[in-house]
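This note is addressed to a colleague beginning the study of protein structure. Please read the numbered points with the model in view.

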Amino acid sequence: MKEPESGRPTGLHCTHQRRCECGKTIDAARDACPYCSRVYDDPWTRCFERICPLGTWRELALFLIGLFGFQLIGLLLSIVGQAWAQEVLVGAGLTGGSLQQALLDYASSAAFSSFVNYGAYVGFFIAVAIVVWPDLSYIAKRQFSNWRKYLIGAGLGFALIFASILWNLIVLLAGGGTSDNQAGVTNIVTYSPFLGILITGIIGPICEEFAYRVGLFNLGMRINRWVAYLFATVVFGLIHMKDFGSVNEWLNFPSYLIAGGILAFTYDRFGLSASVSAHVVNNLYAVIMTLIAQ
């Protein structure tokens, strides 16, 4: 099959596929056929040499799980939690206005927020695992076999922390305060420190790296690198916004843009293990500092 100067294969259903000599249709971004191990070396595969291509549709699935799946799981858990609370409160003899007030109090409690948030991340993690499972050994070998990448990622995680601290100082000087996202994290982490460390500090970053780096960044890379950085930076910032009408939220927005940009650079330059390490270091620092401050 003829390769154009750009290195993108032509002649199949889309420019993101190629037909290997073994007769199988594979993702054009992969540097080797998963069926016969035939190695490809062209400009297209070299664009993806440090990152983790899984195929257009699976990358799209990861991104949509992060963008909508997490919210949908949270909504379902919210309905389940409130229904359970109503049953318990009715069983305790509450009715009318007293029942409604008790339900409102529960819906605004740290216990309810923890149930919904942590449960949503567990569901998010399971959904991501299902999507990546067929390529788990490929991901482990390609992305998680070099211990130096973990150290590089941790170093960039501290750079992310430093940049966030600087921007937070700017926000304070401008008269702003803590973002709604950070306030929500503080609320659930102080309620359940162990789950805060496990889920907010470790599982959450892993899920988000698969959704917004392996998913969204890779999709952007199939257009070009600039689009990948734009998508991964802006969308990552927007998903952490809770109130688009709040001046304080927009003051904090650049902090998330900086984080998205640093994580995108880390993934693009050093791979998934490095971006996961950077994200985990950043989140664990935030969780630990929140617990120390209480």
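1. How many residues does α9 have, and how far does the helix reach from its first C-alpha to its last? The model is a predicted one, and in it α9 has 15 residues. The helix reaches 21 Å between its first and last C-alpha atoms, close to the 21 Å expected at 1.5 Å a residue.

2. The start of α9 shows a specific contact. There, a side-chain oxygen of N224 comes to within 2.9 Å of the backbone nitrogen of W226. The reader may wish to display these two residues together.

3. Which residues of α9 are buried? They are V227, A228, Y229, A232, T233, V235, F236 and G237. The elements that cover these buried residues include α2, α8 (193-221), α10 and α11 (272-293).

4. A salt bridge also involves α9. D268 pairs with R225, and the closest N and O atoms are 3.0 Å apart. This pair links distant parts of the chain, since D268 belongs to helix α10 (residues 247-270) and R225 to helix α9 (residues 225-239), 43 residues apart. As for accessibility, D268 counts as buried because its relative accessibility is 7%, a value below the 20% limit. R225, with a relative accessible area of 34%, is partly exposed. Elsewhere, D27, E59 and R222 are joined into one network by salt bridges that share partners.

5. A second salt bridge deserves attention. The side chains of D135 and R58 meet at 2.4 Å, N to O. D135 lies in the loop between α4 (110-132) and α5 (136-143), whereas R58 lies in helix α2 (residues 56-91), so the pair ties together parts that are 77 residues apart in sequence. Is D135 buried or exposed? D135 is buried, with a relative accessible area of 8%, while R58 is partly exposed at 23%.

6. A further salt bridge joins R50 and E49, whose closest N and O atoms are 3.9 Å apart. R50 counts as partly exposed at 33% relative accessibility, and E49 likewise counts as partly exposed at 45%. For the model as a whole, the count comes to eleven salt bridges.

7. The next point concerns the surface. Which residues make the nonpolar surface patch of about 860 Å²? The patch is made by F162, I165, L166, L169, L172, Y285, I288, M289 and I292. Both α6 (147-173) and α11 supply at least two residues each, and α6 gives the most, with five. Y285 is found in helix α11. With a relative accessible area of 34%, Y285 is partly exposed.

8. The last point concerns a charged side chain in the interior. R18 is found in strand β1 (residues 17-19). Because its relative accessibility is 0%, which is under the 20% limit, R18 counts as buried. What does the side chain of R18 reach at 3.0 Å? The partner is the backbone oxygen of A28. In addition, a polar contact of 3.1 Å joins the side chains of R18 and D42.

Terms used. Residues are numbered from 1 along each chain as its sequence is written. This is a predicted model: local features need pLDDT of at least 70, side-chain atom pairs count only at pLDDT 80 or more; totals for chains, interfaces and linings use all residues. Side-chain values use heavy atoms; hydrogens and water are left out. A salt bridge is a side-chain nitrogen of Lys or Arg within 4 Å of a carboxyl oxygen of Asp or Glu. Buried means under 20% relative accessible area, exposed over 50%, partly exposed in between (1.4 Å probe, protein chains only). Helices (H or I, at least four residues) and strands (E, at least two) are DSSP runs, numbered from the N terminus. The expected span of a helix is 1.5 Å times one less than its number of residues. Contact means heavy atoms within 4.5 Å. A polar contact is a pair of N or O atoms within 3.5 Å; within protein, one must be able to donate a hydrogen and the other to accept it, and residues adjacent in sequence count only if both atoms are side-chain atoms. Patches are made of residues with over 30% relative accessible area and no salt bridge: like charges are joined within 9 Å, nonpolar side chains (Val, Leu, Ile, Met, Phe, Trp, Tyr) within 5 Å. Accessible areas come from the Shrake-Rupley method with a 1.4 Å probe; for residues, only the protein chains shown count as cover.
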